Amino acid sequence: MCIRDSLSTVGQKELLIKGGAGGRGNAFFASASNRSPHIRQKGRPGTSERLQLELKLLANIGLVGLPNAGKSTLLGAISAAKPKATSSPLGVWSYTLSLIHI
């Protein structure tokens, strides 16, 4: 299979391989009298392909540092990004990619 496509916009999706049909598990067979059934039905397998994915550009520069070191503050000061910093160990609510022209 040869696909030449580019995901160039945010939220763009492309279906490469179709998954299989899921089976039925305990929740499907449970009833008021049989709350923990030991019955299951297998699903159908999906397709299998060998893919080669290529990441064109992630970043030229990355900010790496200890928590609470000011990475989000620096990014907000030198770009138009508005990172929302938190007090969690991860530090931000969501990661953003910003372009800075020097």
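# Contacts, surface and helices in a predicted model

Modeller: To start with a single residue, E14 touches D5 and L7 once residues up to four places away in sequence are left aside, and please keep in mind that we are looking at a predicted model.

Colleague: OK, and where does E14 lie?

Modeller: E14 lies in the segment before α1, and with a relative accessible area of 41% it is classed as partly exposed.

Colleague: Why only "partly" for E14, with a relative accessible area of 41%?

Modeller: Because the exposed class begins over 50% and the buried class ends under 20%, the 41% of E14 puts this residue in the partly exposed class.

Colleague: What about K18, is that one buried or exposed?

Modeller: K18 is exposed, since its relative accessible area is 59%, and like E14, which lies in the segment before α1, K18 is found in that segment.

Colleague: Which residues does K18 touch, not counting those up to four places away in sequence?

Modeller: K18 touches G46 and T47 on that count. For T47 there is also a backbone distance to give: its C-alpha atom is separated from that of K18 by 6.1 Å, although the two residues are 29 apart along the chain.

Colleague: How much of the contact set comes from residues 24 or more positions apart?

Modeller: Taking the contacts in the protein with a separation of 6 or more, 24% are between residues 24 or more positions apart.

Colleague: Switching to secondary structure, how many helices and strands are there?

Modeller: The protein has two helices and zero strands; the helices are α1, covering 26–29, and α2, covering 71–78, and the loop between them is where L51 is found.

Colleague: Does L51 come up anywhere else? What does it form with L16 and L53?

Modeller: Together with L16 and L53, L51 forms a nonpolar patch on the surface, and the accessible area of the three together is about 280 Å². L51 itself counts as partly exposed, because its relative accessibility is 39%.

Colleague: Now aromatics: how many pairs does a search of the whole structure find?

Modeller: The search finds one aromatic pair, formed by F28 and F29, whose rings are edge-to-face at 5.0 Å centre to centre with 90° between the planes.

Colleague: Are those two rings' residues buried or exposed?

Modeller: F28 counts as partly exposed at 48% relative accessibility, and F29 is also partly exposed, with a relative accessible area of 22%. F28 is found in helix α1, and its C-alpha atom is 9.3 Å from that of I39, which is 11 residues away in sequence.

Colleague: And overall, what share of the residues counts as buried?

Modeller: Of the 102 residues, 6% count as buried, while the accessible surface of the protein comes to about 9900 Å², with 56% of it belonging to carbon and sulfur atoms.

Technical notes:
Residues numbered from 1 in each chain as written. Predicted model: local features only at pLDDT ≥ 70, side-chain atom pairs only at ≥ 80, totals over all residues. Heavy atoms only, no water. Patch = residues over 30% accessible without salt bridge, like charges linked within 9 Å, V, L, I, M, F, W, Y side chains within 5 Å. Areas by Shrake-Rupley, 256 points an atom, 1.4 Å probe, with all protein chains shown as cover. Salt bridge = Lys/Arg side-chain N within 4 Å of Asp/Glu carboxyl O. Helix = DSSP H or I, 4+ residues; strand = E, 2+ residues; numbered from the N terminus. Buried < 20%, exposed > 50% of the residue type's maximum accessible area, 1.4 Å probe, protein only. Contact = heavy atoms within 4.5 Å. Phe/Tyr/Trp six-rings, centres within 6.5 Å; stacked < 30°, edge-to-face > 60°.
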